[in-house]
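Work through these exercises with the sequence and the model open. Try each task before you read its solution.

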Amino acid sequence: LDPTVDLVQDNPCLTEFITSVLALPEPSPSILSFTLRLAGILAASEERFQYLQQEKLLVRLFGRDGPLNSAVWEDASVRSGWVEGVHSMMHHQPALHFLCNGGGIDVIFTLQGDPSLFVASAAGQLLVHVLTFSVESETTKPPDTKDCDWPVCAQMIIKRIEDSLQSSSASHIKQSLKLLTSLFGSCRATWTEVLWLGIAKQIESFLTEETVQAQHMLANLLLNMAWSPVFRDSEGSFWALVTSALEHLTPVQAGPLAVGILRLHKCPQDVRIQALTVLLQPMDCILRAASQPLEYAGLLDESVSDPTTVESLLSSKSSCASLLCQTLAHLEELLSLMRLSVDLPYTSLLRSLMTILQFCNGSLSPASPLGSTISRILINCFRVQRSALDVLAALSARKGCDTLIGSLFDVLLAYLESPNTNPTVLKKTFQATSKWLVRLQELSCSNSQWQQTGKILEDVFLVLQKRLCSPCWEVRDSSLEFLTVLIKSLRDQDEFRQSLLSSEVPSLTENLLEDPESYVRASAVTAVGHLAFITYFAPEAPVTGNQYNKENTVAKLQEILSTDPEGFPRRAVISIFTKWLRQGCTGQLEDTEQFVSRVIQTVQHDLDWEVRLGGLELVEVFCSQTICQLGLPKCPYAPVLSTVTSSVHQNESVQIFCRTNLFSFLFQSLCDCDKPIGQRACDILLGLRSNFYPISTLKDSQGTGDSSAGHGIAWLQRTLRQGSLAQNFPTDGSNGVDFQDPESMMLALGIIEFEELHDELNKCSDHVEKSPQSLLQDILATVGTIEENEADCY
């Protein structure tokens, strides 16, 4: 006997359980559902299937005499259990024949239209699995279009699909289209083309039959087929149907199909151009509606479908915004691709986007009646504004829009200045403006357009000054984020620095460190931190005076780190301090050692775990820099030193780490109640040990635990194994551990088993939560309180 049968034979309680459930006059739906799933899993092995068949259990569960014809079938969980049970056992021929001969195929087709979406979806997936398994396991030769001999089970399913597609029932047609979409999306075998050729004409007729109302499903079906090499590489017939679909579907239905085709690498060029035309048609209509006669070249020479269809959708209040938002989302998706398979008319597209934004804020008075209608519909339409600004931002990375850059900034500045601009739209405007300012700077460098750039920057900072004083905190927050992005991107450009420093923006930004809203304070901290690279740390930074007082700013940030009641600003401060340290700027503030020591003493008692984690990141940077500067051998940038010199530098670095209270913070963090803190601290300590103890000397050091400091280190090792909470962790040497004594710390690094601790800290909670013992405890915990915990236990 196959050993897989032993599971059932050696554990008769399994079959006894199934038998006892079947003997119940009214079994609980959840128990019956569980039984169906269990039986399906057991029957996945052919040998166990045969054994359960002999016991007449499977036919009583999945056959006509089972729950199918009982009242309990009304419960969705039972139907779901039945479908999943059948799916589990469908891995061998006997199960396939059992399903086909017992009327199971009819049941699954019925369940495709189940009121429970979960059951309906599972039934569709099961049909795909059964059809695929039947063809691929029972066919001896590949199916041929002329002489196709489908296996019996596959034949039953295909016949049902063909009958459904030819029926007058819209629901049956939709179910079959959904089934085919799933099949062609998951199966790439050549036999799918044979199946398709038998139903292609019928499906093509749905494009023109409005009674069916299944056109939107056709787009998904054709798209899944286009991704399959079976159809993608076929000659003509499939692509002719795609072309027909792009012509006959409405712009809303055709949009997803068009963008999907444009994402394909292999596709006939004429189909690709047609798909692009479908996407650009609404944008072309906007451009043409803006001026009459047409002032500029449009986006399209000719359209795929009747232009009046798009015009009617754009002139209707119920469809205008939806069509534009969908079109803009598709265009943004295309622009995000690294390589486009077609050339977009970038200049005309940008002009169309500007027109939409002008329609939305009422700054454009179109001459045509259609333009006037669209303008009235779009006025203050936030959805369309946000979508248009997203595409505008994406367009900044593409070449070919340079001639319109002056007009573009007029539109953007109008949005930035207007008091009617919605805060979310303003945020999107800031994002688009920052990207186009970077683009403008690139153009200025190449074309010497200094004058235009200077004027635009001046206008931007004037607007920013007003926005930083807005009564709306979201606006102040977005303004600070915008400033930070600009500094990150443009801080090396003289033109930008001059415009920024000659405005009131820096002083207003520092004032917002005391904003009543914590999000704004956090954004102000980040902005001030980046501003420091221009005002304090740049070689050509302004002379220190009242306007840029370095010490005052640092003192303010340190005060926020130690006293701010909210976590966001404190996290921002530690992030900025780490950035300064990484860039080597802290030495210009004060002695770096003192700076790090002060920060460590502040953050180690912070209640916010992310602030403590930020402190560990700062410590890691400090360790790396110190080791590199002293030239220890593990540093990749350090010169090779003699053993004596290396030892001197090693002692010096350990002394520095002790003076800054770094070891106290690291060992305290190892026992932190927040796991990421302990993990990061352990990683840092392992890194330090690898620098100070080459592998060859590590074993020798581990035998030197009998020094005067050894007893304290032994206590430390025990404490770390126990994982005491950080707040109970003594750091004052009361247990014989002096965290500021270099000898003790070197001993600790040498003998504490950090690898073991590292494994323990990195062990996922799944090893407890998903163990059989844990599951058993969950089951036992439900005894006596079945109703309350039944779902959780199940």
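**Exercise 1.** Place Val 152 in its secondary structure element, then decide whether Val 152 is buried or exposed.

*Solution.* This is a predicted model. Step one: find the element. Val 152 belongs to helix α10, which covers residues 152–166. Step two: check accessibility. The relative accessibility of Val 152 is 59%. Exposed means over 50%, so Val 152 counts as exposed. Step three: look at Val 135. The two valines, Val 152 and Val 135, are 17 residues apart in sequence. Their C-alpha atoms are 9.3 Å apart in space.

**Exercise 2.** Look at the backbone of Lys 56 and of Asn 380. What is the sign of phi in Lys 56, and what is it in Asn 380?

*Solution.* Start with the expectation. Most residues other than glycine have a negative phi. Now take Lys 56. Its phi is positive, about 60°, although Lys 56 is not a glycine. Lys 56 sits in the loop between α4 (46–54) and α5 (57–62). With a relative accessible area of 52%, Lys 56 is exposed. Next, Asn 380. Here too phi is positive, near 60°. Asn 380 sits in the loop between α21 (369–378) and α22 (382–395). Its relative accessible area is 45%, so Asn 380 is partly exposed.

**Exercise 3.** Classify the ring pair of Phe 231 and Phe 238.

*Solution.* The structure holds 24 aromatic pairs. One of them joins Phe 231 and Phe 238, with ring centres 5.8 Å apart. The planes meet at 45°, so this pair is tilted. Then check burial. Phe 231 is buried, at 1% relative accessibility. Phe 238 is buried as well, with a relative accessible area of 1%.

**Exercise 4.** Now classify the pair of Phe 537 and Trp 580. Where in the chain does each residue lie?

*Solution.* Geometry comes first. The centres are 5.2 Å apart and the planes are at 80°. Planes over 60 degrees apart count as edge-to-face, so the pair of Phe 537 and Trp 580 is edge-to-face. Next, location. Phe 537 lies in the loop between α29 (518–535) and α30 (550–563). Trp 580 lies in helix α31 (residues 567–582). The pair links distant parts of the chain, 43 residues apart. Last, burial. Phe 537 is buried at 9% relative accessible area, and Trp 580 is buried at 0%.

**Exercise 5.** Which residues are linked into a cluster by ring pairs?

*Solution.* The cluster consists of Phe 533, Tyr 536, Phe 537, Phe 577, Trp 580 and Phe 595. Finish with Phe 533. Arg 491 lies over the face of Phe 533, 4.3 Å from the ring centre.

Notes
Residues are numbered from 1 along each chain as its sequence is written. This is a predicted model: local features need pLDDT of at least 70, side-chain atom pairs count only at pLDDT 80 or more; totals for chains, interfaces and linings use all residues. Side-chain values use heavy atoms; hydrogens and water are left out. Helices (H or I, at least four residues) and strands (E, at least two) are DSSP runs, numbered from the N terminus. Buried means under 20% relative accessible area, exposed over 50%, partly exposed in between (1.4 Å probe, protein chains only). Rings of Phe, Tyr and Trp (its six-membered ring) pair if their centres lie within 6.5 Å; planes under 30 degrees apart count as stacked, over 60 as edge-to-face and the rest as tilted. A charge sits over a ring if NZ of Lys or CZ of Arg is within 6 Å of the ring centre and within 35 degrees of the ring normal.
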